[in-house]
Amino acid sequence: MLLRQTAIYASGNVLQVALAIGAVAIYTRLLTTVEYGSYSFVFTCAQFAFAFSVSWIATTIIRLHRGASDRRLFLGAILIYYVVVMILAALGTGVAVVVLDTWQHRRLAMVGFLYFSAMSWMELNLRLFQARLEAARQTRSRIARSVISTVLGGALAWAGFGPEGILLGLAVGSLIPGLASNIREWRAVHFGGDARARLEIWHFGAPLALSFGVGATSAFAGRYLVSWLEGVAALGIFVLAFEIANRTALALLGPVGAAALPISVHELEKSGSEAAKAMLHRACILLLGVLMPAGVGLAAVASDLVAVAVGPDFRAGAASILPYLAIAVFATGFQIWYLDFAFHLGLKSRHLIWRASVNLVVNLAVNFALISRFGLLGAGYAAVGTTAFSLTFTSILSRKAFPLPFPFRQFARITLATGCMVVVVLSVPGEPGLLRLLIKVTVGFIVYAALALVLDIGDVRERATQFSASRPALRGAFASLSTRWRPGSSPTNRRRRSRRWSRSTTSHDAPGSGTTAVASTAAAEPDGQVRLDRRDRPGPGPRDQAERCTSSRPAPGAGPRS
């Protein structure tokens, strides 16, 4: 189940990351650094507001939806919390419109609120798909959002609407799939739920809301410090590099995490903690096997990727900071999509408050010190350092909530394979560009795949053996299909071949003939199996089977078969 759900999520995420990088290539060529910085500031504010006020509601859906006694009341309670948050956000936007001094800033504030509300509703529906293990529907909704946002935002930016056009495209791209998905479920809910459902959501979600709020302040502190100390243009470059790394991490790691959490919740409630830990052990190997080569590999190809996907005015700054952000983002992905599962499975969400509070203090101190000294590059240094601290602290704290398994031997093998891959990738000569990027990606993939097979990472040999064993069956299916639909395979001809096949398979029943024929045929074959002409085999249709049964039935008065 884990691999199937992961594969469905991954199939859509690859297209999403391609659209995201394409959008970056368009936006950075249509906007100036200051305009892109303004867009990045509003985008950061919307993401911060979501993490602070709505993310806990989305996480509550994943954890409590399956165990809810009445899901209509549960979703009704979720809906009332969302409406309250939107009312508070609208009031805050109104205050911002009154306080801001320029009409352009007011427009950005209003469009930012539209994007925040549409994106929040979309995320709630995506989490509902995830809780119900409906990976295909969630993937279709994500793809629709990416396509609409990229096309509409790029068109509005090309038409001269600037950062407001991009934000409006993002809002519409989230609103259309958000309204179209789960419309029947939301119509059937009891608005407001009941007191028991609201209280259950609050008891689990309130610590999450506080921890996510403090965590969001910690995570976005670097961005606001860059904007304050280095200017809006530097913020645009930082957000640009971060989004490239973050979108890539979401495409590669998100499918594993999106599948692992609801499945682990299902296993925990159905079969107990041991079954959940066994599933988490497999998920951890899969996550590490993707995370380490992808994160380090992205850092190794950063200059080539920036040369292809980023406009000329942004390349120098993005190429210098992207390697550090790639390592930090992928390491954070392991914390979010594995270590944090301990707090959800153990229902110890209060532990996240302590983690977020300590991280906030560390992030503010480290970011201020390094950005003040090294500028934009200091933000990259701070991202790596604070992420390493957060990983260590979270791994220690998670042991008290729900002990998670960690595959140390597989981790050592993955580290060795990743190190060899990076050495080979960095040795590729040439100037940064599309050709060298393709060569690096191809060579790195081949080297890592070969070493994964040699080192047997994640029992890949056994899975390859199982796949090879299934190939004869696949060949037989295709052969049957091609036999049925080859030229001249009319229904009449298929019936004739069916009768001929039946006579050939029942001829050994005649006394004194069949046994000798079969034995001589088996002796002529090296493996002792009877070889029959494939052209004489009937098609698999029900009519052919009926003909076969009719032809093999003994004639009246023929007596019993021997």
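**Salt bridges and the second largest pocket**

Seven salt bridges were found in a search of the whole structure, which is a predicted model. Three of the pairs are described here, followed by a pocket and one of the helices that line it.

Glu123 is paired with Arg145, and the closest N and O atoms are 3.0 Å apart. Because Glu123 belongs to helix H5 and Arg145 to helix H6 (residues 135-158), this salt bridge ties together parts that are 22 residues apart in sequence. Glu123 has a relative accessibility of 9% and therefore counts as buried, the limit being under 20%. Arg145, with a relative accessible area of 14%, is likewise buried.

A second salt bridge links Asp304 to Arg436, with 2.7 Å between the closest N and O atoms. Asp304 is located in helix H12 (residues 302-309) and Arg436 in helix H18 (residues 434-455), so the parts tied together are 132 residues apart in sequence. Both partners are buried: the relative accessible area is 0% for Asp304 and 13% for Arg436.

In a third pair, Arg355 forms a salt bridge with Asp340, and the closest N and O atoms are separated by 3.2 Å. Arg355 is part of helix H15 (residues 351-374), whereas Asp340 lies in the loop between helix H13 (315-339) and helix H14 (341-345); the pair therefore ties together parts that are 15 residues apart in sequence. Arg355 and Asp340 are both buried. Elsewhere, Glu123, Arg127 and Arg145 are joined into one network by salt bridges that share partners.

The second largest pocket encloses about 710 Å³ of space. Its lining consists of 25 residues, and those nearest the centre of the pocket are Val42, Cys45, Ala46, Ala96 and Ala109. Helix H2 (33-53), helix H4 (71-99) and helix H5 (103-131) are the elements that give two or more residues to this lining. Helix H2 supplies the largest share, nine residues. By residue class, the lining of the second largest pocket comprises 18 nonpolar and seven polar residues, with no charged residue.

Helix H2 was also examined for its length and burial. With 21 residues at 1.5 Å a residue, H2 should span 30 Å, and because its end C-alpha atoms are 30 Å apart, the expected and computed values agree. The buried residues of H2 are Tyr36, Gly37, Tyr39, Ser40, Val42, Phe43, Thr44, Ala46, Phe50, Ala51 and Ser53. Val42 and Ala46 are thus buried residues of H2 and are also among the residues nearest the centre of the second largest pocket.

Notes
Residues are numbered from 1 along each chain as its sequence is written. This is a predicted model: local features need pLDDT of at least 70, side-chain atom pairs count only at pLDDT 80 or more; totals for chains, interfaces and linings use all residues. Side-chain values use heavy atoms; hydrogens and water are left out. On a 1 Å grid over the protein atoms alone, a cavity is a set of points where a 1.4 Å probe fits but cannot get out, and a pocket is an open set with protein on both sides within 12 Å along at least five of seven lines; lining residues have an atom within 4 Å of a point. Grid points are joined across faces, edges and corners, and a volume is the space filled by probe spheres set on the points. Helices (H or I, at least four residues) and strands (E, at least two) are DSSP runs, numbered from the N terminus. Ala, Val, Leu, Ile, Met, Phe, Trp, Tyr, Cys and Pro count as nonpolar, Asp, Glu, Lys and Arg as charged, and the others, Gly among them, as polar. The expected span of a helix is 1.5 Å times one less than its number of residues. Buried means under 20% relative accessible area, exposed over 50%, partly exposed in between (1.4 Å probe, protein chains only). A salt bridge is a side-chain nitrogen of Lys or Arg within 4 Å of a carboxyl oxygen of Asp or Glu.
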